[in-house]
Amino acid sequence: MENALILIVVILVIIIIALVIKIGAIYRAMDSLIDEYKNVIETETNNQIRVNTSDRHIRKTAIRLNEELKGLREAGIKYNRGNNELKTAIVNISHDLRTPLTAISGYLDLLETEEKSPEVDKYISIIAERVEALKSLTEELFKYSVVTTTVDDFAPVSLNLNSELEQALAGLYGAFVDRGITPEISIPEAKVVRTLDRKSIQRTFSNILSNALKYSDGDLKVRLTEDGVITFTNRASGISATDVGKLFNRFFTVESAHHSTGLGLSIAKLLTEKNGGSIEASLEDNNLVITLKY
């Protein structure tokens with residue numbers, strides 16, 4: 001009887017050891033499966049998930065994941081192809097629209113020199129205003145499409161943000177003066193140097209400052225810190241907290257922003273992120289604050 005009990009205990013111990021070994025092998029196989037999946041996703045290659053295990057359930061899971069990954073890759077290829085075709089179409093349409101819009105503007109200029117009634121003059125003025133809005137939208141569409149399709153054109157170099165920001169402010173200083181805005185500028189003496197693409201930085205600053213021209217109630221504060229944080233602050237009574245959350249959305253406009261295409265800040269966000277930075281907007285005591293970090 002005692003020998004039988006010992007035999008049973010030995011068998012149970014062997015079974016437990018075998019189960020522990022089996023469970024350990026399953027854990028290792030699952031860890032390997034997770035690592036393989038993570039590697040395939042992060043590297044964006046066409047490699048398949050491979051697992052070295054005899055467990056049929058894990059092998060079946062790997063096969064199923066590979067099938068899903070194949071479907072995702074095919075869907076991604078179709079999306080990218082369609083997205084690129086759409087961008088190309090927008091570029092072409094924007095380019096094609098320029099010629100007739102330019103011609104219309106020319107004819108309107110000729111009409112201005114003709115004798116006409118006040119009523120006709122009023123209508124011509126309205127048409128001219130709408131044509132300018134269309135030209136602005138067409139130009140922004142063209143720029144946006146070009147920006148989103150020229151990732152490889154980025155050429156990061158060592159830039160002095162102090163100097164780049166000063167140049168951007170100087171370029172639009174006349175426009176601010178025309179609106180009665182005298183920007184308050186705070187730039188440190190110490191150089192803030194970052195490795196960034198110059199053209200995209202210039203476009204980002206220009207778009208943000210142009211946005212201030214549209215929304216500002218008459219003021220603008222620009223501040224650059226030594227750790228690469230740039231803030232653009234202006235009173236903006238026409239903007240709500242809900243509007244602020246949508247400012248970086250494509251084609252979103254606030255009613256108070258005349259002739260706005262809604263693409264300026266969207267482009268700024270795209271370019272900032274391509275440069276490895278971040279951009280956000282907030283509303284603080286009726287002040288619109290746009291913060292750039294590089």
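**Helices, sheet and turns in the predicted model**

In helix α5, the buried residues are Ser200, Ile201, Thr204, Phe205, Asn207, Ile208, Leu209, Asn211, Ala212, Leu213 and Tyr215. The coordinates come from a predicted model, so everything below is a readout of that prediction. The length of α5 works out nicely: with 18 residues at 1.5 Å a residue, the helix should span 26 Å, and its end C-alpha atoms are indeed 26 Å apart, which agrees.

Part of that buried list turns up again where α5 meets another helix. Helix α5 (residues 198-215) packs with α7 at an angle of about 150 degrees, their axes lying 9 Å apart. The crossing of α5 past α7 is left-handed. On the α5 side, the contact is made by Ser200, Arg203, Thr204, Asn207, Ile208 and Asn211. From α7 come Gly264, Leu265, Ile267, Ala268, Leu271 and Thr272. Sorted by type, the residues of this contact come out as 5 nonpolar, 6 polar and 1 charged. The spacing of such residues has a familiar background: an α-helix has 3.6 residues a turn, so residues three or four places apart point the same way.

Next comes the sheet. It is open and made of 5 strands, in the order β2-β4-β5-β7-β6, with mixed pairing. Strands β2 (184-186) and β6 (278-284) sit at the edges; each has a single partner strand, so one side of each is left without a neighbour in the sheet. From one strand to the next, the twist averages 10 degrees.

At the β2 end, β2 and β4 (residues 221-224) run parallel and are joined by 3 bridges. Within this pair, isoleucine 185 is opposite valine 222 of β4. Valine 222 also has a bridge partner in β5, namely phenylalanine 232. Strands β4 and β5 run antiparallel, with 4 bridges between them. They form a hairpin with 4 residues between the strands, in which glycine 228 has a positive phi near 85 degrees. The side chains of β4 alternate along the strand: Val222 and Leu224 point to one face and are buried, whereas Lys221 and Arg223 point to the other face and are not buried.

Two helices can be placed against this sheet. Helix α4 (residues 161-178) lies across β2, β4 and β5 (229-235), and runs at about 165 degrees to β4. Helix α7 (residues 264-274) also packs on the sheet, where it touches β6 and β7 (287-293); the direction of α7 makes about 135 degrees with that of β6. Helix α7 therefore has contacts to report on two sides of the story, with β6 and β7 and with α5.

At the other end of the strand order, β6 and β7 pair in the antiparallel sense over 7 bridges. One of the facing pairs is isoleucine 279 with leucine 292 of β7. These two strands form a hairpin with 2 residues between them. The backbone in this turn is worth a look. Most residues other than glycine have a negative phi, and most peptide bonds are trans. Aspartate 285, however, has a phi near 55 degrees, a positive value in a residue other than glycine. Asparagine 286 has a positive phi too, about 65 degrees, and is not a glycine either. Aspartate 285 lies in the loop between β6 and β7, and asparagine 286 lies in the loop between β6 and β7 as well. As for the surroundings, aspartate 285 is exposed, its relative accessible area being 73%. Asparagine 286, at 52% relative accessibility, also counts as exposed.

That leaves helix α1 (residues 2-43). Its 42 residues, at 1.5 Å a residue, should span 62 Å, and the end C-alpha atoms are 61 Å apart, which agrees. The buried residues of α1 are Gly24, Ala29, Leu33 and Val40. Alanine 18 is also found in α1, but counts as partly exposed at 43% relative accessibility. The C-alpha atom of alanine 18 is separated by 63 Å from that of threonine 225, with the two residues 207 residues apart along the chain.

How values were computed. Residues numbered from 1 in each chain as written. Predicted model: local features only at pLDDT ≥ 70, side-chain atom pairs only at ≥ 80, totals over all residues. Heavy atoms only, no water. Pairing = 2+ DSSP bridges. Axes fitted to C-alpha atoms, helices over the stretch in contact; angles between N-to-C directions. Contact = heavy atoms within 4.5 Å. Expected span 1.5 Å × (residues − 1). Buried < 20%, exposed > 50% of the residue type's maximum accessible area, 1.4 Å probe, protein only. Left-handed = near helix turned anticlockwise from the far one by under 90°. Nonpolar A, V, L, I, M, F, W, Y, C, P; charged D, E, K, R; others polar.
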